[in-house]
Amino acid sequence: LKIKSSNYSGGKQASKNPQTNNVREFLVKKTSSANLADKKSAKPMTIASSACLAALLSDTQHRLLLACKPEGKWTWDAARTLHLPFWLRSDDELKIISEEIAQQTFKEKLEVVEAALFYVITGNMRMLKTLAAADRNHTGRLFLKFIAGYDFSSTRGRHAAEKNAFSLLRKRKYGPAAAFFLLAEPPMLKSALNVIVTKMEDHALAFFVSRLVEANRS
């Protein structure tokens, strides 16, 4: 499914179509902020495919997004629960969400390599370097030195990124491994998606990554 965002606008007035309002109510009911914030007590939530389709076709997507947003910044758990990559048409909105996920991931894990994937797929290397500079751990300093010291469009840089990706795979650090595959220019998208699908078993993340990587290249 190839989703194009250029023909749509998220800032239109709220639709008078009762079906659109029903979709909003369904999504809000299923994804209350309290449930998303409390991971321990939250029960697994699912959103019907019909609701995703209605959200995809909605002309009030920005309102839906605001209604579904958890308190604070987005997390990947929240975005995956809502199946955001499958119905949110705007690549720009997805980029903002990805950067928020990166910030929240770093806040929770305090390791820039764990958050790197969500910045790499937006192409925002400046913010990734800023985040790496804030990581006082040894791995954070090494990562900053690595991304600042290589031209990833060169053969040498691509080889270094790929070598580190395979090293992380052996350590079972699958998210960071996928990020290193995508540091290369052009990104090693097929290798990254293979890691996400076969090792992380996260098809929603694979679709999320592929959408933003392709959006950056277009």
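How many helices and how many strands does the protein chain have? In this predicted model, the protein chain has 14 helices and zero strands.

**View 1. The protein chain as a run of helices.** From the N terminus onward, the elements follow the pattern α-α-α-α-α-α-α-α-α-α-α-α-α-α. The chain comprises 218 residues, and 44% of them are buried. Of the contacts with a separation of 6 or more, 60% join residues 24 or more positions apart. The accessible surface amounts to about 12200 Å², with carbon and sulfur atoms contributing 51%.

**View 2. Helix α10, residues 138-149.** This helix contains twelve residues. Its first and last C-alpha atoms lie 16 Å apart, close to the 16 Å expected at 1.5 Å a residue.

**View 3. The two sides of α10.** The buried residues of this helix are G140, F143, F146 and I147. Viewed down the axis of α10, the buried residues fall within an arc of 125°, so they line one face of the helix. The face turned away from that buried side bears H138, K145 and A148, which are exposed.

**View 4. Packing partners of the buried residues of α10.** Which helices do the buried residues of α10 pack against? They pack against α8 (112-120) and α9 (125-134), and also against α11 (155-170) and α12 (174-183). The residues of α10 that take part in this packing are drawn from its buried set, namely G140, F143, F146 and I147.

Conventions
Residues numbered from 1 in each chain as written. Predicted model: local features only at pLDDT ≥ 70, side-chain atom pairs only at ≥ 80, totals over all residues. Heavy atoms only, no water. Helix = DSSP H or I, 4+ residues; strand = E, 2+ residues; numbered from the N terminus. Buried < 20%, exposed > 50% of the residue type's maximum accessible area, 1.4 Å probe, protein only. Contact = heavy atoms within 4.5 Å. Areas by Shrake-Rupley, 256 points an atom, 1.4 Å probe, with all protein chains shown as cover. Expected span 1.5 Å × (residues − 1). Arc of directions from axis to C-beta.
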